Amino acid sequence: MRVAVSGSHGTGKSTLIAAFVDLRPEYRYEPEAYETLADDIPLTSSEGPSPEGLRSLLDFTIAAISERSEACVVFERSPIDYLAYASACRDAWSGPTTREFLAAAVPAVRTSLRHLDLIALLPVSDAVRARPDEDERFRKRVDERLRRALIDDDFDLFDDRDLPRVVELSPLPARQIAELMRLTEPEK
């Protein structure tokens, strides 16, 4: 199964994936694009990547999902995460910039989704606190936009095949690993 763990920053994606891979060693972990590209990503003054930087992260993630052939892989972030970040950004992202980014990105994101079986959404919760230097309002805005993109399909990304399956995991970290294990049980 090819799984993407989505969520705003500071929701516990890395922690959940580490626990999952420990229990399911047949899965290969694909870290989020920012871990690989951070030094090359221009940042805005307060809210993450510039439009060009976000596009680089998105392109890297789409390539990783589309080009990896392993049957068992867990990706930290889905391409949809970057649509949510773009629509949640205010600093350095004027209305036309956001609209242009989304118009250019949505078709590629839609195509990339056929390479995933499951997207597990980690919600922002009080159980997992963001770092003190992070903007909590921005974190929650990203969470809300991500939920609208994944659950409500605001970008019209999903077709009639119901793939990938989208599931919102519990806000409680102790329950998340059990839920992800159950969702990825091999079919008998």
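**View 1. Helix 3 and helix 4 run roughly antiparallel to each other.** In this predicted model, the axes of the two helices come within 8 Å and cross at roughly 165°. Angles over 145 degrees count as roughly antiparallel, so helix 3 and helix 4 earn that description. As for handedness, helix 3 passes helix 4 in a left-handed crossing. To find the place where they touch, look on helix 3 for L54, L57, L58, T61, I62 and I65, which meet P79, Y82, Y85 and A86 of helix 4. What kinds of residues make up this contact? Nine are nonpolar, one is polar and none is charged.

**View 2. Helix 4 also packs against helix 6, with a right-handed crossing.** Here we stay with helix 4 (residues 79-88) and turn to helix 6 (residues 136-150), whose axis comes within 8 Å of the helix 4 axis, at a crossing angle of roughly 125°. Helix 4 and helix 6 are therefore oblique to each other. On the helix 4 side, the residues in contact are I80, D81, A84, Y85, S87 and A88. Their partners on helix 6 are F138, R141, V142, R145, L146, A149 and L150. This contact divides into nine nonpolar residues, one polar residue and three charged residues. If Y85 rings a bell, that is because Y85 is listed both in the contact of helix 4 with helix 3 and in the contact of helix 4 with helix 6.

**View 3. Helix 1 and helix 7 meet in a right-handed crossing.** Now we move to another pair: helix 1 covers residues 13-23 and helix 7 covers residues 173-183. Two packed helices are described by the angle between their axes and the distance between the axes. For this pair, the angle is about 50° and the axes are 10 Å apart. Helix 1 and helix 7 are therefore oblique to each other. Helix 1 brings L16, A19, F20 and L23 to the contact, and helix 7 brings Q176, I177, L180 and M181. Seven of the contact residues are nonpolar, one is polar and none is charged.

**View 4. One cavity of 30 Å³ or more is found in the structure.** How much space does the largest cavity hold? Its volume is about 40 Å³. The lining is made by E30, P31, E32, A33, F60, T61, A64, F75, E76 and R77. Two elements give two or more residues each to this lining, namely helix 3 (51-67) and strand 3 (73-76). Helix 3 gives the most, with three residues. The lining is a mixture of five nonpolar, one polar and four charged residues. You have already met T61: this residue of helix 3 appears in the contact with helix 4, and T61 lines the largest cavity too.

**View 5. The second largest pocket has a lining of 13 residues.** About 250 Å³ of space lies in this pocket. Which residues lie nearest the centre of the second largest pocket? They are M1, L183, T184, E185 and E187. One of them, L183, falls within helix 7, which spans residues 173-183. The lining of the second largest pocket divides into six nonpolar, one polar and six charged residues.

Technical notes
Residues are numbered from 1 along each chain as its sequence is written. This is a predicted model: local features need pLDDT of at least 70, side-chain atom pairs count only at pLDDT 80 or more; totals for chains, interfaces and linings use all residues. Side-chain values use heavy atoms; hydrogens and water are left out. On a 1 Å grid over the protein atoms alone, a cavity is a set of points where a 1.4 Å probe fits but cannot get out, and a pocket is an open set with protein on both sides within 12 Å along at least five of seven lines; lining residues have an atom within 4 Å of a point. Grid points are joined across faces, edges and corners, and a volume is the space filled by probe spheres set on the points. Helices (H or I, at least four residues) and strands (E, at least two) are DSSP runs, numbered from the N terminus. Ala, Val, Leu, Ile, Met, Phe, Trp, Tyr, Cys and Pro count as nonpolar, Asp, Glu, Lys and Arg as charged, and the others, Gly among them, as polar. Axes are lines fitted to C-alpha atoms, for helices over the stretch in contact, and angles run from 0 to 180 degrees between N-to-C directions. Angles under 35 degrees count as roughly parallel, over 145 as roughly antiparallel, 65 to 115 as roughly perpendicular and the rest as oblique. A crossing is left-handed if the near helix is turned anticlockwise from the far one by less than a right angle, and right-handed if clockwise. Contact means heavy atoms within 4.5 Å.
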